Protein chains: 2
Amino acid sequence: MSIVVDDDRVLLKHGAGGRAMRRLIEQSFLRAFQTDPVCPAGMIGLAEMDDGAAIRIDDRWLVLTTDSHVIQPPFFPGGDIGRLAVSGTVNDLAMMGATEVLGLTCSVILEDGFPRASLDRILMSMRDACREAGTCVITGDTKVMGKGELDGIVINTAGVALTTRVVRDSGLRPGDAIVVTGTIGDHGMAVMSTRHGLDLDMQLRSDVAPINRLIQAARDAAPDAISALKDPTRGGVSTALHEMAAKSGVGIEIDEAALPVRDAVRGIAELIGIDPLLVANEGKALIGVHADAVAPLMAALHAHPLGVDAAVIGRCTEDHPGMVVLTTGFGRRLLAEPDGELLPRIC
Amino acid sequence: MSIVVDDDRVLLKHGAGGRAMRRLIEQSFLRAFQTDPVCPAGMIGLAEMDDGAAIRIDDRWLVLTTDSHVIQPPFFPGGDIGRLAVSGTVNDLAMMGATEVLGLTCSVILEDGFPRASLDRILMSMRDACREAGTCVITGDTKVMGKGELDGIVINTAGVALTTRVVRDSGLRPGDAIVVTGTIGDHGMAVMSTRHGLDLDMQLRSDVAPINRLIQAARDAAPDAISALKDPTRGGVSTALHEMAAKSGVGIEIDEAALPVRDAVRGIAELIGIDPLLVANEGKALIGVHADAVAPLMAALHAHPLGVDAAVIGRCTEDHPGMVVLTTGFGRRLLAEPDGELLPRIC
């Protein structure tokens, strides 16, 4: 198979979570790593392009994830890069069905001259987020780059967890309901507004939070009825739904009126012309669930502080597999998958 | 306990692997994470400041490590940032006694405009190093930062491995021999010479390599006789020996004449006035071994392609615990522990 590489340089869009990033991963990362004969058989690895990898250990799965966080600015309404790093990794583990986190790594790269007080504030925020998630940082690494070689701070966190049953992002079945665990677009809109000085009355706050315990409550309430999980981070709900639909081989129909969006987010979205469906979330999950189990699932979500705004937003169909259709007050339209130029350094 | 923070900004020396970095970790990272009540009991965690963490799972230990790699330049004689990333993480696992690697994560941060061809070359190099180590990349992450926000590329790798017996860097006992698995200073001298255009006849080559199979051969040859393992990366052999001596509560005496140093490294070292004992290695281990098992251990190391230059370089004493004494042709002198300003971005 010959592969057409469409850019000879890495561009900002390649880090934005959309189609451009997926092409980069397919053309470079999968090409290098996917077919390696050394990889253990029967694992969930890179080729699955899920939120993490899973390796069989006796009668359980060891789930492993990694994320580097490059958000600008490092402090924003509702959180900071430390809380983001812990939440991002805990949530990726939870999206694989692994809600009991064994431990996290913390690798920090700092620019020469970065304030020690800011570093300490970020580390304390990581500790607090770990406590919310019931886990802790167990090993780390520190590097320093010269002035002008790195813009401030980046943090990588990797995490490990054990689970008896892995949940995939590819398990949707026709008839399943699609649930979102709360309002959409909060993180991306808060960060972008901070960056550009748009949110003058400071109503926007990132939703960044570890949601592993919310997901555990959801699984307890609907055992074996959850068919798929994915967190709509970079690229937003739209990108996540497109990935889930394509990998599951189903169509997804979304009811626009059912999407929970805060007024402040809707206001900024209209002002700058960006659809909240395309904007990053850092404390939300999309859940595919069998229609019979919607009621107990929603009750469990609504009973949890991080799930009070949870809503059923759509359903899966046999028609138009891989596509996402939006039902609006004016009819139906196909939701395009974002390519990814939108928002650099949003996470 | 009140903690005196000695700098209000992060400086280059804080990333160099010496005393300054240890103080930063103690004052900021351990302060935030060490005493967390959520951490599982009985684990080897952050406070141990070993090469990684270990969590008990049934009758085995799950070992977890992380490293971010910021080396400049990304391509250097003998390797590149990709080979370095895989080797660094595989070797940290091996230094905990975990030589069968389950899998690695690969999180790449790129500067807008980074050449795709360079990225692909780096990823293929990672794959080749994985094959040498008998492992593979199983999950990853990609971020892009704007032009001027990051100097080229950084790569984080985390790794997981299982072992029935963890080896620590703190297990040295009086009477143990100290072995190094090969020549010292090759990596740091090759990178520094490339950076400054010193190695005109290109004799210097980094030693960067995964040595997990070498370490496995050593353990097979001297079962239960290996008391401590550490890889002398940033800060070189001197920093690693100081850490091992302090944590083990023994003194270490090193015979300068026994140190294996390549002629080219010795030449550059004399030219620029840097002791090879202070220079980073990326394919070497320091091994503490019971005196009775030195012969079979050395035979196993010498039989392996990565251990042909292995040498017994010293021994552990009850005297002067925590100190490293160098025996030279002119007498004995105390080896000072480096503070860490030497070589930024060496790994």
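This is a short talk on how two chains, and two domains within one chain, meet in a predicted model.

Let me start with the pair. Chain B can be laid on chain A with an RMSD of 0.0 Å. That takes a turn of 180 degrees and a shift of 0.0 Å along the axis. The two copies are thus related as by a two-fold rotation axis. Where does chain B come nearest to that axis? Look at B:Leu150: its C-alpha is the nearest in chain B, 2.2 Å from the axis. The same surface serves both copies, and 100% of the contact residues of chain B recur in chain A.

Now the interface itself. There are 86 residues of chain B in contact with 86 residues of chain A. Between them the two chains bury about 7,400 Å². Of that area, 66% is on carbon and sulfur atoms.

On to the charges. How many salt bridges cross the interface of chain B and chain A? The rule finds nine. One to bring up on screen joins the side chains of A:Asp141 and B:Arg234, at 3.1 Å from N to O. Polar contacts come to 34 residue pairs across this interface, counting partners both at pLDDT 80 or more.

Which parts of chain B do the touching? Helices H1 (19–33) and H3 (116–133) each give two or more residues to the side facing chain A. So do several strands, including S5 (101–111), S6 (137–145) and S7 (153–163). By class, that side of chain B has 44 nonpolar, 21 polar and 21 charged residues.

Next, inside chain A. The chain is divided into domain 1, residues 35–163, and domain 2, residues 177–334. Their centres, taken over C-alpha atoms, are 22 Å apart. The contact takes 29 residues from domain 1 and 26 residues from domain 2.

These two domains of chain A bury about 2,200 Å² between them, 54% of it on carbon and sulfur atoms. In domain 1, A:Pro77, A:Met95 and A:Thr99 lose the most area to domain 2. Together they make up 28% of what that side buries.

The count here is one salt bridge. A:Asp51 forms a salt bridge with A:Lys230, with the closest N and O atoms 3.8 Å apart. Polar contacts between the domains number 13 residue pairs, both partners at pLDDT 80 or more.

On the domain 1 side, helices H2 (81–95) and H3 (116–133) of chain A each supply at least two residues. H2(A) gives the largest share, nine residues. By class, this side has 12 nonpolar, 10 polar and seven charged residues.

Technical notes
Residues are numbered from 1 along each chain as its sequence is written. Chains are lettered from A and ligands numbered from 1 in the order in which they are written. This is a predicted model: local features need pLDDT of at least 70, side-chain atom pairs count only at pLDDT 80 or more; totals for chains, interfaces and linings use all residues. Side-chain values use heavy atoms; hydrogens and water are left out. Copies are superposed by least squares on the C-alpha atoms of residues with pLDDT of at least 70 in both. Contact means heavy atoms within 4.5 Å. Buried area is the accessible area (1.4 Å probe) that two parts lose on being put together, summed over both. A salt bridge is a side-chain nitrogen of Lys or Arg within 4 Å of a carboxyl oxygen of Asp or Glu. A polar contact is a pair of N or O atoms within 3.5 Å; within protein, one must be able to donate a hydrogen and the other to accept it, and residues adjacent in sequence count only if both atoms are side-chain atoms. Helices (H or I, at least four residues) and strands (E, at least two) are DSSP runs, numbered from the N terminus. Ala, Val, Leu, Ile, Met, Phe, Trp, Tyr, Cys and Pro count as nonpolar, Asp, Glu, Lys and Arg as charged, and the others, Gly among them, as polar. Domain bounds come from an automatic or database domain assignment.
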